[in-house]
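I opened this one with no background, so I'm jotting things down as I look them up. Here is the structure I had on screen.

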Amino acid sequence: MSGLQDAPLVTDTTMETAVPASHTAPSASTTFHIGTRNMATAGDNNQTTALYKFNDKALWTQELEVLLQENKLDLIVHSLKDMPTQLPIDLELGCVTKREDPRDALVIKPSLLGQYKSLADLPEGSVVGTSSLRRVAQLKRFHKHLKFADVRGNIGTRLSKLDDPNSEFSAIILAVAGLARLGMSNRITTYLSKADGGMLHAVGQGALGIETRKDDERVRKLLTKIGCERTMRAALAERSLMRTLEGGCSVPIGVETEWIKREGMLDAEDAGVGVKPAQDYHKLSGVAESEGTAAATSEDGVSSSLHSGELTDELVMRALVVSLDGSEVAETEARRRMTSREEADEFGWEVAKQLVAKGADKILKGITLNRDIIGKQDDA
């Protein structure tokens, strides 16, 4: 039995997990029908307190992990961005499925759509809804003319608050993957990224992570059928970055990772293991997966999409830590050839070191000490 976070990206994806035919019979697909145990966690039960005011890093996971450790669940399916980077010693990230679009989306109130198309277009004093400190801090950096207000609830609830003619919101920020999973991509006004709107996404955003017991070989073998090795390695690098910086839901850390297209591959004398300085990335950027490519998995658990002709094994990471008011920022870009999960973990650690060298530790210390924002959590 599996435990599911109550999130659209999770619950709408995992009731039936299709496995490509190449893993089973020559002319058929196998579908694993997974029984589910849905339960309300601390993050689900409290829909009024802003996310950053919660003290518990395992906001949506702790209760489920206890059931997994007690053998009452076989695995937990997480929205990876909500999965803690520090796991209990007997549990592990068993696999990560192929990533959806990890970007954030700007959704403008329907009555304003004909007038405004971007954050920069919105009039001074316009209220943008989001519960994420990461989003607010980055938006304050480039869009000082806007105001920000907390908005909680599921996607439908948030959209209803936006669409209410009497609400204060001119726009809200949501994850692209969640909207796409619900068939609501038509609500997206603008896709946000570092290049568009100055917004880096959350660690693990757009991907599902499956948590298992370390000693459960049966489940581990099953997961080789559905994991995507490219996404796994990118996710491990991102999670290593966050773990090194000790970040979580209440810390504004943003990332972007993407695999370099083959035409942008390093020359032979530059290739090899090690972090490379970021340069000319407008020439190197590519999608994280070939469109329509099935993530077939070999016996060693490595997705064949890792070796697709379109992409190399070089990963670009852009990362930043920004102060709550957007006035201070430490940011960096780096790339590395990624030949193993261990190298992915090391890459994230090295990028975190670069951020610390640029002042990220001082920014994070300031956020931790800001009791007016993060504190007063007894009632959370």
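Helix first. I looked up α5, residues 155-163, and found Ile155, Arg158, Leu159 and Leu162 buried. They sit on the same side of α5, because they cover an arc of only 100° around the axis. At the start of α5, I noted a side-chain oxygen of Asn154 within 3.2 Å of the backbone nitrogen of Gly156.

Next, how far to trust this. The model is predicted, and I see that the protein chain averages a pLDDT of 78, with 68% of the residues at 70 or above. Residues 11-30 have a pLDDT below 50, and beyond near neighbours in sequence that stretch has 41 contacts in the model. Residues 371-380 are also below 50, and there I found 16 contacts beyond near neighbours in sequence.

Then the strands. How many residues of strand β10 are buried? I got 7 of the 7 in β10 (residues 169-175), so the strand is largely enclosed by the rest of the structure. I checked its pairings too. Strand β7 (residues 104-108) pairs with β10 in the antiparallel sense over 5 bridges, and Ala105 has Leu174 of β10 as its bridge partner. Strand β8 (residues 127-129) runs parallel to β10, joined by 3 bridges; there Val128 is partnered with Ala171.

Last, a loop residue. Gln205 lies in the loop between β11 (190-192) and β12 (208-213). Is Gln205 buried or exposed? I found it buried, with a relative accessible area of 1%. Leaving aside neighbours within four places in sequence, the contacts of Gln205 include Lys81, Arg99, Asp104 and Ala175.

Note on methods: Residues are numbered from 1 along each chain as its sequence is written. This is a predicted model: local features need pLDDT of at least 70, side-chain atom pairs count only at pLDDT 80 or more; totals for chains, interfaces and linings use all residues. Side-chain values use heavy atoms; hydrogens and water are left out. Buried means under 20% relative accessible area, exposed over 50%, partly exposed in between (1.4 Å probe, protein chains only). Helices (H or I, at least four residues) and strands (E, at least two) are DSSP runs, numbered from the N terminus. The arc is that of the directions from the helix axis to the C-beta atoms. A polar contact is a pair of N or O atoms within 3.5 Å; within protein, one must be able to donate a hydrogen and the other to accept it, and residues adjacent in sequence count only if both atoms are side-chain atoms. pLDDT is the predictor's confidence in each residue, from 0 to 100. Contact means heavy atoms within 4.5 Å. Two strands pair if DSSP finds at least two bridges between them.
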